[in-house]
Each structure stands twice: as structure tokens, then as C-alpha cells.
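Grab a viewer and work through these exercises at your own pace. Each one has a task, then a solution in steps.

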Amino acid sequence: MINIVLFGKPGAGKGTQAEFLKEKYNLVHLSTGDIFRFNIKNDTELGKLAKTYMDKGDLVPDELTINMLQSEVDKNPNAAGFLFDGFPRTIAQAEALDSFLENKGQNITATVALEADDNILVARLLERGKTSGRPDDQDEEKIRNRYEEYSQKTAPLMNYYKNQGKFYAVDGIGTIAEVNDRLNLIFDKLV
Ligand code: ADP
């Protein structure tokens, strides 16, 4: 079983690339952002709670996020592997994921990051905001807040995984196909 964390700043292209990777490597794709948005759309309790944070570009509290992620994993008992997209985003989440997987006799295979410059990404998100309908993509201040959250809470995860020898990075700038080729080179070595 392989469990891969797709890592990168907002707008780095995780969701786009995950669509290709999940097919090619037969992985269950779990995007915490997508799951939260699904809950918001369906007006669930979880959605109502998450919305207040997401609309501001703040991270949703760890406990809520971790519980949600674990229940999504448990919904897929026959999965050949998982592609985690947007999770973990804090050290507490990474530790929770490690112990959750360990209890199942599994572990994280690798973390693969999509790297890109902030200014390029902010422009991408503002462009996406014109059509995505996502409130967190439509306002530069909220976008900058997401980068602030990333720098403070998520960036430290790179060392967390580097220290375990599980960190890989690819250049996230280029066409979708070019970035996909770079990711495939790494995934082919992991699976
Ligand atoms: P992006 O990577 O473009 O910011 P996502 O769809 O991954 O988009 O996430 C959107 C929002 O959902 C985040 O800004 C945050 O509020 C919430 N969210 C997603 N994943 C997590 C997580 N692991 N922990 C806390 N909040 C999260």
C-alpha cells in the first residue's frame, strides 16, 4: 500500500495533478479542501463550522480536520493507496496521520511537493477566482492570509518529512503536462 502526500502552496496545482496521478497509480484521492467544500454545499454541521475559517483564508482547526480525514480514510477499506491533497497542513496533523496509519500497520511512503513562486500563484488564484466561485480566491487579502498560514503552519512540515527521508520536490511551473511528467518520474520510483 502506498500513501503519498501531495504538498504545495495554495494554487500550486495539487488538485489538477492529483486527477492524473490517482488514475495512473490507482490511488484514492482525498482533498480536504474539496471535502470541506462538499460539506459547505450540502450545509452539514461540519460545513457550517469549516466555512467560517475557510472564507477568511484561515486553516480549519486541527481536531475537526483530523477527524474528518480519518473518517474519509475509513470509508475506503479496500484502497490500494491514498493520495493526500491538502492534508496534513500542520505538524499536529502530520503526527496524527502518522499514528493513525501506524495503527493500521501502514505509513507515509513519501511527500511530493509542487514548488512555485508566491507572486505567480497569487495571480493564478485571482484568475481561478473569476470562475471558481470560491470566496477565498476572490480577494487578494484572503489569498495573502492563506500564504501567511502556509508559511507559519505548513512550511515546517517540509523538515518534518525531510528528517524522515521522505521529501521530494518538483518544479510546479510549466504546462500541466510538463509538471505531470516530472511527478510521474518520482511516482514511478515510489510505487
Ligand atoms: P488551496 O490549497 O488552494 O488553499 P484547498 O482547497 O486545499 O485550497 O483548501 C481551502 C481551505 O480549506 C483552506 O484555506 C483551509 O481553510 C481549509 N483546509 C483545507 N485543508 C485543510 C487542512 N488540512 N487543515 C486545515 N484547514 C484546511
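**Exercise 1. Find how far a backbone N or O atom of Asp58 lies from an oxygen atom of the ligand, then look for side-chain partners.**

Step 1. In this predicted model, the Asp58 backbone places an N or O atom 2.6 Å from a ligand oxygen. That fits a polar contact (a pair of N or O atoms within 3.5 Å; within protein, one must be able to donate a hydrogen and the other to accept it, and residues adjacent in sequence count only if both atoms are side-chain atoms).

Step 2. Now the side chains: Arg128 has an N or O atom 3.1 Å from a ligand oxygen, and a polar side-chain atom of Lys14 sits 3.3 Å from one.

Step 3. Check the cover: alone, the ligand exposes 540 Å², and the protein buries 97% of that (Shrake-Rupley areas with a 1.4 Å probe; for residues, only the protein chains shown count as cover).

A word on the ground rules: numbering runs from 1 along each chain as its sequence is written, and side-chain values use heavy atoms, with hydrogens and water left out. As the model is predicted, local features need pLDDT of at least 70 and side-chain atom pairs pLDDT 80 or more, while totals for chains, interfaces and linings use all residues.

**Exercise 2. Describe the shell around the ligand: which residues come nearest?**

Step 1. There are 20 residues around the ligand (a heavy atom within 4 Å of it). Thr32, Arg37, Asp58, Gly86 and Arg89 come nearest.

Step 2. Helix H2 (residues 32–41) gives the largest share of this shell, 4 residues (helices, H or I, have at least four residues and strands, E, at least two; both are DSSP runs numbered from the N terminus).

Step 3. By class, the shell has 8 charged, 6 polar and 6 nonpolar residues.

**Exercise 3. Two backbone oddities: where do Pro88 and Asn26 lie?**

Step 1. Pro88 is in the loop between strand E3 (81–85) and helix H5 (91–103). The peptide bond leading from Phe87 to Pro88 is cis, with omega near -5 degrees.

Step 2. Asn26 belongs to the loop between H1 and E2; helix H1 covers 14–25 and strand E2 covers 28–31. Phi of Asn26 is near 55 degrees, a positive value in a residue other than glycine.

Step 3. For context, most residues other than glycine have a negative phi, and most peptide bonds are trans.

Notes
Nonpolar A, V, L, I, M, F, W, Y, C, P; charged D, E, K, R; others polar.
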